[in-house]
Amino acid sequence: MENHAVAVEMRNITKRFGPILANDKTSLTIRRGEILALLGENGSGKTTLMNMLSGIYFPDEGEIRIDGKEVVIRSPKDAFALGIGMIHQHFKLVDVLSATENIVLGLSEKLDLEAAAKKIAKICETYGFDVDPKQKIYDMSVSQKQTVEIVKVLYRGADILILDEPTAVLTPQEADKLFAVLRNMRDDGKAIVIITHKMHEVESLSDRVAVLRHGQFVGELITAETNAQEMTNMMVGHATTLNIVRPEPVNPKPRVEVKGLTVRSEDGILKLDDVSFTAYSGEILGIAGISGSGQKELLEAIAGLQPAEKGSVCYVEDDGRREQLLGRDPLKIQEMGVALSFVPEDRLGMGLVGNMDLTDNMMLRSFRRGNSLFTDRKRPRKVAENVVHELEVSTPSIATPVRRLSGGNVQKVLVGREITSAPTVLLTAYAVRGLDINSSYIIYDLINRQKKQNVAVIYVGEDLDVLVELADRILVLCGGKVSGIVDGRATNKRELGLMMTRIGGGAHE
Amino acid sequence: MSKSTTQEPLFHISKRGALPWYAAWGIRGIALLAALVLCSLITVLVTGENPFKVYVTIFEGSFGSPRRVWVLLQNIAILLCVSLAVTPAFRMRFWNIGGEGQMLVGGLATAACMICLAGVLPNWMVIVVMILASMAAGAIWGAIPAICKAKWNTNETLFTLMMNYVATQLVAFFIIIWEVPKGAGKIGIINQATEIGWLPVVGGQKYLLNVIIVAVICMAMYVYLNYSKHGYEIAVVGESERTARYVGIKVDRVIVRTMILSGALCGVAGMLLVGGTDHTLTTTITASRGFTAVMVSWLAKFNPIGMIFTSFLLVFLQRGAGEISTSFGLNQSFADILTGIILFFIIGSEFFISYKLNFRHGAKKEG
């Protein structure tokens, strides 16, 4: 790698949130003409560090130099003035406005949409973006919205770009397109920082890798000279194995039978269209699809949370007896003796209560037990202690509100509670979203253990690399329809990606 | 860093972690002191009175004589009762600001029993019917907005507020029907001679029974909210309706049930006012306690035990304000200004409990 000019130098940056040290004398160098991957476990301080660079937080200590000059970044406005732009995980766009209107929003220059559209077209041409300046945001796909966010930052003259987990919401094809654009920008001399958990992205995209651990800078690697194993070890601080095991299903029996399931949202939009499949015991059925293709509705319909227009969802007992689940609420399903566990996508908004402590969260499903008017907190406290112990949840105590825990630990608490009830069916939605490698592997392991105990696991995932390694069969959803069900051992990412965008995945029109 | 040409901002705001309880109360104490200092300054500048004399007078307003202490306790009891009543709804994030109306219909039901059942039933039975009727009336007044919220997702804040006006008009209507003497436009003391329907005097103190009843309600509410299954359901529904549905809690049922409880307790507060102390009914008998209760409950973060202190504080300030306006010949508005300043500081101090200001270079000194 030839010598690139240093764009940003962060030196001994410290940031505290109350008693928590998010960044501890962290130093980081960002160079022009280079893509830097920022790696680290959850809570290692990556996003906090970048937020300080983009003016959202202000560091307690330390200094930031841009092009060798010391600067003070008080607000996102200051950051923009210095050419720093950040693309967040959650887009900040106004739905009813067009791409151009969103891009010029908040700028103090004279409002001239024509001229702005021209400038936008030029930016798109330079880097190979595909944006229609007149298109409204609500008409756009997730990847188009992301493109608008990137163009917005470039329009403001940013030449130091920070992307926080940009591919979490993209299909592999869309991610490839994004990477091509990022490479173009790099070749144009821009400095790019990308925060990601996906090792293969780090390997294929970045030039250099910086690793943070517990808020401290651990080291830097040249991507070409390292591998996923070495990076993970550095991130975690000890040697790890990066293999997902996939035991053969033992004696699989039909457990959940979905037939002709059709679901409409409250506004009458067709969310699931004639979906049929069977999930077997001792098997992991993966569900793939672009986000919003009906995954949420499917799991919620099985869990008794989503009314359906047509179809049936049957729980099949070992002796072949069938129980209709559709039209029953979660309490009824529980009372019927069906041990169904559900790890929803929205952990703190649905699976757990953020302001309650671990004990109170453990009793969410079981608090009704017994005839007493009063709650029994002894048993839940034990369960909480067990979960903390067995899943190595890092928490100050079981009396800590779960919203204070990091993402990985929140998920461990939720999964821990759901498997404590010894389920026969386990539904999981994006079980490892936002989790670092180490936590992700703990979750995979937990799911595999359930599989070995003959649980029928339905695993909705977004990381196709994981799905092909973990799932026995993969059902691909496309616009609410079943695009196909494939053998997890015989398929690959490409095939799934195509099936996600076109029914059946056929390349021919 | 000090040599840099661009300046670090004078201060920036950051979130605190959990503060230990003594630090939080320390901040509140400082806020109260600061409020008193500011009040003193304003008193001297505007009225020329000695601020310390003013403070002594405020204190005397509540503690000047045994009678004043009992009035203080009585006022705290009623305010606390309404505050306790609205709290389960608030914990459920159901903004019941209809305490006023629920109290009024409770009082109306009490007055109706006292007037219509006098001589029909023995006194003890009148009181029993009175208690049940006031609870039922309040419960109905609370249940109507709750059912509409559960069924059609109406806005509970507006709905409960509107119900207040309906209650006021209803009371006005019945006052005309029951007015004594005819044409007086008011009811006067009900059953003054027979004392039928008057709550019994306990321990020789007119207000003691009210205080005892509310103390019991307070403890019961604390246990109900923190240790009962209902209380747990209320907390889950309040935090997230989606979580509640996810674990099979019937959200609609919890909303209606909790509002029935909330309304019934407001009804009891109305009954304590009409049957226990005032023995009459007017449209303004509640003295806006239904609204003050919102503040009591919020200031105590919906904790029944904390509400003993916050209701004390508000009543204490109110009584003190009344006292200085009479002793110093200042008008009531000046007293309200002082009350306003004190409340502003106390509520404002919550900001400093959740957040902290980092002044320039301040972080380094902390080390």
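Begin by selecting chain A of this predicted model, where 47% of the 509 residues count as buried. Colour chain A by secondary structure next, and you should find 17 helices and 20 strands. The radius of gyration of chain A is 24 Å, close to the 23 Å expected from the globule rule for 509 residues, so chain A is as compact as a globular protein of that length. Turned along its principal axes, the C-alpha trace of chain A fills a box of roughly 70 × 55 × 45 Å. If you display contacts within chain A and keep those with a separation of 6 or more, 67% of them are accounted for by residues 24 or more positions apart.

Now hide chain A and select chain B, whose secondary structure consists of 14 helices and two strands. Along the principal axes, the C-alpha atoms of chain B fill a box of roughly 90 × 60 × 35 Å, and buried residues make up 41% of its 367 residues. Among the contacts in chain B between residues at least 6 apart in sequence, 78% join residues at least 24 apart.

Finally, show both chains together and select the place where they meet, where 27 residues of chain B are in contact with 31 residues of chain A. On the chain B side, pick out strand 1 (11–15), helix 8 (229–239), helix 9 (241–246) and helix 14 (362–366), each of which supplies at least two of the residues that touch chain A. Colouring this side of chain B by residue type will separate it into eight nonpolar, eleven polar and eight charged residues.

Conventions:
Residues numbered from 1 in each chain as written. Chains lettered and ligands numbered in written order. Predicted model: local features only at pLDDT ≥ 70, side-chain atom pairs only at ≥ 80, totals over all residues. Contact = placed C-beta atoms within 7 Å. Helix = DSSP H or I, 4+ residues; strand = E, 2+ residues; numbered from the N terminus. Nonpolar A, V, L, I, M, F, W, Y, C, P; charged D, E, K, R; others polar. Rg over C-alpha atoms; globule rule 2.2 N^0.38 Å. Buried ≥ 20, exposed ≤ 12 C-beta atoms within 10 Å, placed from the backbone.
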